[in-house]
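Please read this note beside the model. It is meant for someone who is new to the structure.

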Amino acid sequence: MSDTPTVAVFRPDDDRLTDAVALLEGVGASPVADPMLAVEETDATPRTDADYVILTSKTGAELVSAAGWEPGDATVCAIGPATADALREEGYTVDIVPEKYTSSGLVATLEDDVDGARIEVARSDHGSAVLLEGLEDAGAYIHETILYRLVRPEGSGESAELAAAGELDAACFTSSLTVEHFLEAAAARGVREEALAGLEDVMVGVIGKPTADTAAALGIDIDVVPADATFEALARETLEATRE
């Protein structure tokens, strides 16, 4: 491996990808920007009669703001700091951010306080069932609003070809869908089995247990799951592991 590892990054093609590339370059990596997610808006907006409103992404924060949605007296919850920052940038007050930036972490934060409460969950069409089921088990009444759908962008898959050719050193998967879309892109390029085989020699990092479970189910061995479920932690720990 060279002193400048080649690292695939799958963030959506907006400032998240720009920031991810800058971060990786800043810590001595050669990033391969291969977006695996694109947003299709649904034009839906969250309900306004909930006791709690949960948002789970920067995209969701921007969409509800663009729609002019107001939370009223609801307690606004963000699944993690990136979502919280995006909400604040749009002018919203964020009341709750869990210590563990996952669906299960948010359930653990809320479960003692939401028996009988109305909770609005506003997110993509690929949100984890863990959040809804956990809050329902805690006695809450749940309504989910799908703000956008996540699809695989045309032209994705450069990283899959690099993996197939043995020219990739690391990969940073940020959701189950990025794993699934990576393999779909590989299949579209006719290198699915070769890419899977190539990943055996790649340092594979993922955010969170759901993404790790998806990768494992699809035959990908996981090397790094950071305790802090942020892209920065994922990138830094994955890159460090390539140099050990």
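The points below take up a strand and its neighbours, a pair of helices and one residue.

1. The model is predicted, with local features needing pLDDT of at least 70, side-chain atom pairs counting only at pLDDT 80 or more, and totals for chains, interfaces and linings using all residues. Residues are numbered from 1 along each chain as its sequence is written, and side-chain values use heavy atoms, with hydrogens and water left out.

2. Strand β1 (residues 6-9; strands are DSSP runs of E, at least two residues, and helices runs of H or I, at least four, numbered from the N terminus) runs parallel to strand β2 (residues 30-33), to which four bridges join it, Thr6 having Ser30 as its bridge partner there. Three bridges join β1 to strand β8 (residues 170-173), also in parallel, and Ala8 is partnered there by Ala171.

3. From β1, Thr6 and Ala8 point one way while Val7 and Val9 point the other way, and all are buried (under 20% relative accessible area, with a 1.4 Å probe and protein chains only).

4. The axes of helix α1 (residues 15-26) and helix α10 (residues 231-242) come within 10 Å and cross at roughly 30 degrees (axes are lines fitted to C-alpha atoms over the stretch in contact, and angles run from 0 to 180 degrees between N-to-C directions). In this pair, Ala20, Leu23 and Leu24 of α1 meet Phe231, Glu232, Ala235 and Arg236 of α10 (contact means heavy atoms within 4.5 Å).

5. Thr145 lies in strand β7 (residues 141-151), and it counts as buried because its relative accessibility is 6%. Leaving aside residues up to four places away in sequence, Thr145 touches Ala44, Thr45, Pro46, Arg47, Glu120, Val121, Ala122 and Arg123.

Conventions: Buried means under 20% relative accessible area, exposed over 50%, partly exposed in between (1.4 Å probe, protein chains only). Two strands pair if DSSP finds at least two bridges between them.
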